[in-house]
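Trainee: I would like to learn how to read a model of this kind, one feature at a time. Could we start with a single residue and work outwards?

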Amino acid sequence: MATELLSRNVDLILAVNTPAAQAAKKAATTVPIVILRVADPIKSGLIVSLARPGGNVTGVFLDFPDRPHLRSMFGQAGRHVVRVLRGTPPREIPMERPAQFSLLINQRTAQALGLTILAALLARADEVVQR
């Protein structure tokens, strides 16, 4: 898959787990790679340190697998993508480890999209934007 992406002359690869990140790093030596959902990027051989990843890899990782926080991680990875596409070398972008998560639900937007938010999810939200 990584080799196929490279044949399309992509500007960046977003790898969403350890095997995908390792395959991307093996195939791409110059194309920037932003990683997400990699448990230990140092042990996985993807980076040399969290502060200065080195090479062409940067991104966001968690020390614990917890699916509800995936959306937050995608937001953080998006900031890395923007920095890379604006010209910052991945080796200069520190890895991020989320320290806090919050769940915000915008009911106004949900209603505009025709979505119904379950009461159980609203009860877990840290903040709810009302209609």
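Trainee: Leaving out residues up to four places away in sequence, which residues does Q76 touch?

Mentor: Q76 touches V60, E96 and P98, with residues up to four places away in sequence not counted. Keep in mind that this is a predicted model.

Trainee: With which side chain does the side chain of Q76 make a polar contact?

Mentor: With that of E96, at 3.0 Å. As for its place in the fold, Q76 belongs to helix α3, which spans residues 70-85.

Trainee: Is Q76 buried or exposed, and why?

Mentor: Compare the relative accessible area with the cut-off: under 20% is buried. Q76 has a relative accessibility of 11%, so Q76 counts as buried.

Trainee: Now a strand. Which way do the residues of β2 point?

Mentor: The general idea is that side chains in a regular strand alternate between the two faces of the sheet. In strand β2, residues 33-36, I33 and I35 point one way, while V34 and L36 point the other way. All four are buried.

Trainee: In what sense do β1 and β2 pair, and over how many bridges?

Mentor: Strand β1, residues 13-15, pairs with β2 in the parallel sense, over three bridges. On the other pairing, β2 runs parallel to strand β3, residues 57-60, and four bridges join them. To see this at one position, take I35: A15 stands opposite I35, and in β3 the bridge partner of I35 is G59.

Trainee: What do β1, helix α2 and β2 make?

Mentor: With helix α2, residues 18-27, the strands β1 and β2 make a β-α-β unit, and that unit is right-handed.

Trainee: Which residues of α2 are buried?

Mentor: For a helix, look at where such residues lie around the axis. In α2, T18, A21 and A24 are buried. They lie on the same side of α2, because the arc they cover around the axis is only 130 degrees. P19 and K26, on the other side of α2, are exposed.

Trainee: Against which elements do the buried residues of α2 pack?

Mentor: They pack against β1, β2 and α1, the last being residues 2-7.

Trainee: What happens at the start of α2?

Mentor: There, N17 has a side-chain oxygen that comes within 2.9 Å of the backbone nitrogen of A20. A20 is itself in α2, and at 33% relative accessible area A20 is partly exposed. Distance along the chain and distance in space are separate readings: A20 and L36 are 16 residues apart in sequence and 9.8 Å apart in space, C-alpha to C-alpha.

Trainee: Which element has the lowest mean pLDDT, and which the highest?

Mentor: Where pLDDT is low, the predicted coordinates should not be read in detail. Here α1 has the lowest mean pLDDT among the elements, 80, and α2 the highest, 93. For the protein the mean is 85, with 89% of residues at 70 or more.

Trainee: How many helices and strands does the protein have?

Mentor: Five helices and five strands. In sequence order the pattern is α-β-α-β-β-α-β-α-α-β. Of the 131 residues, 32% are buried. Among contacts with a separation of 6 or more, 46% come from residues 24 or more positions apart.

Technical notes. Residues are numbered from 1 along each chain as its sequence is written. Side-chain values use heavy atoms; hydrogens and water are left out. Helices (H or I, at least four residues) and strands (E, at least two) are DSSP runs, numbered from the N terminus. Buried means under 20% relative accessible area, exposed over 50%, partly exposed in between (1.4 Å probe, protein chains only). A polar contact is a pair of N or O atoms within 3.5 Å; within protein, one must be able to donate a hydrogen and the other to accept it, and residues adjacent in sequence count only if both atoms are side-chain atoms. Contact means heavy atoms within 4.5 Å. Two strands pair if DSSP finds at least two bridges between them. A crossover is right-handed if, with the strands pointing away from the viewer, the path from the first strand over the helix to the second runs clockwise. The arc is that of the directions from the helix axis to the C-beta atoms. pLDDT is the predictor's confidence in each residue, from 0 to 100.
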